[in-house]
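Open the model in a viewer and keep the sequence panel beside it. Each stop below gives a selection and then what is found there.

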Amino acid sequence: MKVVFLFPGQGSQQPGMLHDLPDHPVIMATLEEASRVLGMDVLLLDHEKALISTVATQLSLLITSVACARALRAEGTVVDMVAGHSVGAFAAAVIAGSLDFKDALPLVKLRGELMEKAYPNGYGMGVITGLTEQQIEVIINQVSTDAAPVYIANLNEHTQITIAGAIAGMMSAFTSAVTAGAHKTAMLNVHVPSHCKLLAEVSVQLSQAIDKVDFRKPNVPYAGNCRARALRDGEAIRADLAQSIIYPVRWHDAMTLYFELGGRLFIEMRPGRVLSTIVKKSFPCVRAISLCDLDLHSVTRLVTREME
């Protein structure tokens, strides 16, 4: 049995998520490190009004997830594989040992700034449940226009797919999806059109910054967002982090790969529950939990029991 750490992406953020972290010395040290690197009190990032900002949201997610994963490891939990969804991939790279936390923080800050500047309003992301990728591709080809473009962004399950683009275009896609038999359509709490070619220029600028940072061979496999491969090379992880904002996240494929590689206990870091829920639905025979529902000591005991 192998243990997989999951790191949530934008849309999972919750007001107070940094303040609500467990009282653990490793978590406190991580918050202090983040404040020192960023030159600010990071506890100012997770207030409801602050989280309107893509920058504050992405930084809060990175810090929260890294702090939780570090605390779990300090308590004795051994991780065999890591996977991060969208900005969560930066946290995954840190915990895999490929990227230093002190380097991830300014990179994620820049990522959020570039995305926010490129599309300050009128764009975002939404989810369609109940239709396949092929069905949604047909709808997008019908409704997407130059003025209101729409793209497939995240392939989370066979029939849970995220789209990105202009809000007007997504509303048209939702209408067509319901007509085609979709069970549910909803806008996500994400104010930029990530994981599509609308962010091509952002990817170029982010790549230039990422190229200046050192990456090492990871200690454990890292699931690539772009191609759903188990990456074991620092340069491959560098490329995935730089390019993933212009390609769909192939999450279901990545989780299928990890299942085939022996992943049987999937632990999602705070503040997320979505990724562990997806895993449970896709692979009913595995254990998938969220740190939102269990404390650190309970998770450590669970891992020990499962390993035995």
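Select E33 first: in this predicted model, E33 is buried, with a relative accessible area of 18%. The cut-off for buried is under 20%, so E33 falls within that class at 18%. Add R70 to the selection. The side chains of E33 and R70 form a salt bridge, with N to O at 2.9 Å. E33 belongs to helix α1 (residues 25-38) and R70 to helix α2, so the salt bridge ties together parts that lie 37 residues apart in sequence. R70 itself is partly exposed, at 25% relative accessible area.

Keep helix α2 in view and turn to the nonpolar cores. Which residues touch the most other members of the largest nonpolar core? Select F5, V82, L99, L241 and I267: within this core of 74 residues, these five have that role. Helix α2 (residues 54-74) supplies the largest share of the core, 12 residues. A second core, separate from this one, has 19 residues, including V4, A254, F266 and F283. In soluble globular proteins, nonpolar side chains tend to be buried together.

Centre on L241 next and show its surroundings. Leaving out residues up to four places away in sequence, L241 touches A89, F90, A93, L99, L206, I210, F215 and Y222.

From there, select S98. S98 sits in the loop between α3 (88-95) and α4 (101-118). Is S98 buried or exposed? S98 is buried, its relative accessible area being 0%. Beyond four places in sequence, the residues that S98 touches are A93, D214, F215, R216, P218, G234 and I237. A93 and F215 are also among the residues touched by L241. For R216, display the backbone: a polar atom of the S98 side chain lies 2.8 Å from the backbone oxygen of R216.

R216 leads to the next selection. Which residues are linked with R216 in a network of salt bridges? The network joins D100, K102, D103 and R216. One pair to inspect is D100 and K102, whose side chains meet in a salt bridge with an N to O distance of 4.0 Å. D100 is partly exposed at 27% relative accessibility, and K102 is also partly exposed, at 44%. Side chains of opposite charge can pair when their charged atoms come close.

Move on to E306 and R287. These two form a salt bridge in which the closest N and O atoms are 3.1 Å apart. E306 is in helix α11 (residues 296-307) and R287 in strand β10 (residues 287-290), so the pair links distant parts of the chain, 19 residues apart. Both ends count as partly exposed: E306 at 29% relative accessibility and R287 at 36%. How many salt bridges does the structure hold? The total is 10.

Finish with the cysteines. A search of the whole structure finds zero disulfides. Select C285, which is exposed, with a relative accessible area of 59%. Then select C292, which is in no disulfide. Where is the cysteine sulfur nearest to C292? That sulfur belongs to C68 and is 7.9 Å away. A disulfide requires sulfur atoms within 2.5 Å. C292 is partly exposed, at 25% relative accessible area.

How values were computed:
Residues are numbered from 1 along each chain as its sequence is written. This is a predicted model: local features need pLDDT of at least 70, side-chain atom pairs count only at pLDDT 80 or more; totals for chains, interfaces and linings use all residues. Side-chain values use heavy atoms; hydrogens and water are left out. Helices (H or I, at least four residues) and strands (E, at least two) are DSSP runs, numbered from the N terminus. Buried means under 20% relative accessible area, exposed over 50%, partly exposed in between (1.4 Å probe, protein chains only). A polar contact is a pair of N or O atoms within 3.5 Å; within protein, one must be able to donate a hydrogen and the other to accept it, and residues adjacent in sequence count only if both atoms are side-chain atoms. Contact means heavy atoms within 4.5 Å. A nonpolar core is a set of buried Ala, Val, Leu, Ile, Met, Phe, Trp, Tyr and Cys residues joined through side-chain atoms within 4.5 Å.
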